[in-house]
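User: I'd like to go through this model with you, mostly contacts and exposure. Could you start once it is up?

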Amino acid sequence: MRLDYLTIFPDFFAPLELSLPGKAAASGLLDFAVHDLRDWTHDRHRKVDDTPYGGGAGMVMKPEPWGEAFDQLLAPGATVIFTTPSGEPFDQRLAEELATRERLVFACGRYEGIDQRVIDHAREIAEVREISLGDYVLNGGEVAALAITEAVVRLLPGFMGNAESLVEESHAQGGLLEYPVYTKPPLWRGHEVPAVLRSGDHGKVAAWRHEQAVRRTAERRPDLLAPSVLDDGTPIVRAT
Ligand SMILES: COc1cc(COC(=O)c2cn[nH]c2)cc(-c2cccnc2)c1
C-alpha cells in the first residue's frame, strides 16, 4: 500500500517515521510520502488560503495548489481521503474497506475548509471519501489522517505481529466492546484477577469474556446492541 499526505504542516507526520514498523516500510509492504501543499504555490508568500465568497469568518483553502498537487499525485487507482467534520463517520468497517485499497492520498484541510471545487474536481478523476473522525472540530485534518492511517495499516497482512489478536478485537466481534484483560501478578493492591481466568477451563473463560463484553457494551454503548432495522427491514429512526 502507498500512502500520500498533502498538508501545510508536513512535520505533523514525522511520527509516521517512528510508528510505521521500519521492516514494513523496508519490506515494500508499505510506502509513504508527505507533501507540503505550499510546494504547489507560485507566489512569494506561498499563499494557500483566501477570504470566503459570501463573507463569513475565517479563510478558505484556495483550489489552485490542490489541483496542481492532485495532477501530480493522483495516479489511476488512488483513493483521496478528505478528513473533515462533515464526512462519513470513520469506524472499523470503513477501516477494513480502506485496507483493501492500493493507494490512499490524505488531503488535510485547515482554516474553515477547502474550496468545494477541489472535492468536486477530485471526484472526476479518483475515488473520493470525505471522512470524519468524530463529531468535533479540529484545527486541521492531520490528526484524523494519522488516526485513520493507524487503524488501516494495522489491518494489512503481515503488519500485526500476532494476527490472532486482530480477530478477537472488539468492533470486529459482532460489534461488542472488548472484555476486560488481566496479566500477572494474580493479586495487585488488593485487586484479584477473576478466578475463572486462572481456572484453565477455556470454555468457561470464553463464556465469561463474552458475558463481560455484552455487559460492558450494554452499559457504555447500548447503541451498538440496538437493532437498526425492524424484522421486515424497515429502518428504525431514533429520536435523538
Ligand atoms: C473547521 O473546519 C474544518 C476543519 C477540518 C479539520 O478536520 C476536522 O476538524 C475533523 C476531521 N474529522 N473530524 C473532525 C477540515 C475541514 C475540511 C476539510 C476538507 C474539506 N472541507 C472541510 C474543515
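**Salt bridges, ligand and surface**

Analyst: By the rule that a side-chain nitrogen of Lys or Arg lies within 4 Å of a carboxyl oxygen of Asp or Glu, the count comes to 16 salt bridges. This is a predicted model, in which local features need pLDDT of at least 70 and side-chain atom pairs count only at pLDDT 80 or more, while totals for chains, interfaces and linings use all residues. Residues are numbered from 1 along each chain as its sequence is written, and side-chain values use heavy atoms, with hydrogens and water left out.

User: OK, which residues does Asp4 form salt bridges with?

Analyst: Arg2 forms a salt bridge with Asp4, the closest N and O atoms being 2.7 Å apart, and Asp4 also forms one with Arg103, where the closest N and O atoms are 2.9 Å apart. The pair of Asp4 and Arg103 links distant parts of the chain, from strand S1 (residues 2–7) to strand S6 (residues 103–108), 99 residues apart. Strands here are DSSP runs of E with at least two residues, helices are runs of H or I with at least four, and both are numbered from the N terminus.

User: And is Asp4 buried or exposed?

Analyst: Asp4 counts as buried because its relative accessible area is 0%, where buried means under 20%, exposed over 50% and partly exposed in between, with a 1.4 Å probe and protein chains only. Arg103 is buried as well, whereas Arg2, at 24%, is partly exposed.

User: Which residues are in the salt bridge network?

Analyst: The network links Glu88, Arg93, Glu97, Arg101, Glu127 and Arg129. Within this set, Glu88 and Arg129 form a salt bridge with their closest N and O atoms 3.0 Å apart, and that pair joins strand S5 to strand S7 across 41 residues of sequence. Glu88 is partly exposed at 27%, while Arg129 is buried at 12%.

User: Switching to Ser132, what does it touch?

Analyst: Leaving out residues up to four places away in sequence, Ser132 touches Thr84, Pro85, Gly87, Glu88, Pro89 and Phe90, contact meaning heavy atoms within 4.5 Å. Ser132 lies in strand S7 (residues 127–132), and its side chain reaches the backbone oxygen of Gly134 at 2.9 Å. That is a polar contact, a pair of N or O atoms within 3.5 Å; within protein, one must be able to donate a hydrogen and the other to accept it, and residues adjacent in sequence count only if both atoms are side-chain atoms.

User: How many residues surround the ligand?

Analyst: There are 17 around the ligand, the closest being Leu133, Tyr136, Val137, Leu138 and Gly140, where a residue counts as near if one of its heavy atoms lies within 4 Å. The protein covers 91% of the 520 Å² of accessible area that the ligand has on its own, areas coming from the Shrake-Rupley method with a 1.4 Å probe, and for residues only the protein chains shown count as cover. A backbone N or O atom of Leu133 lies 3.0 Å from a ligand nitrogen, and a polar backbone atom of Leu138 is 2.7 Å from a ligand oxygen.

User: Last one, which residues make the nonpolar surface patch?

Analyst: Phe9, Phe12, Tyr136, Leu138 and Val143 make a nonpolar surface patch of about 420 Å². Patches are made of residues with over 30% relative accessible area and no salt bridge, with nonpolar side chains (Val, Leu, Ile, Met, Phe, Trp, Tyr) joined within 5 Å and like charges within 9 Å. Val143 sits in helix H6 (residues 142–153) and is partly exposed at 39%.
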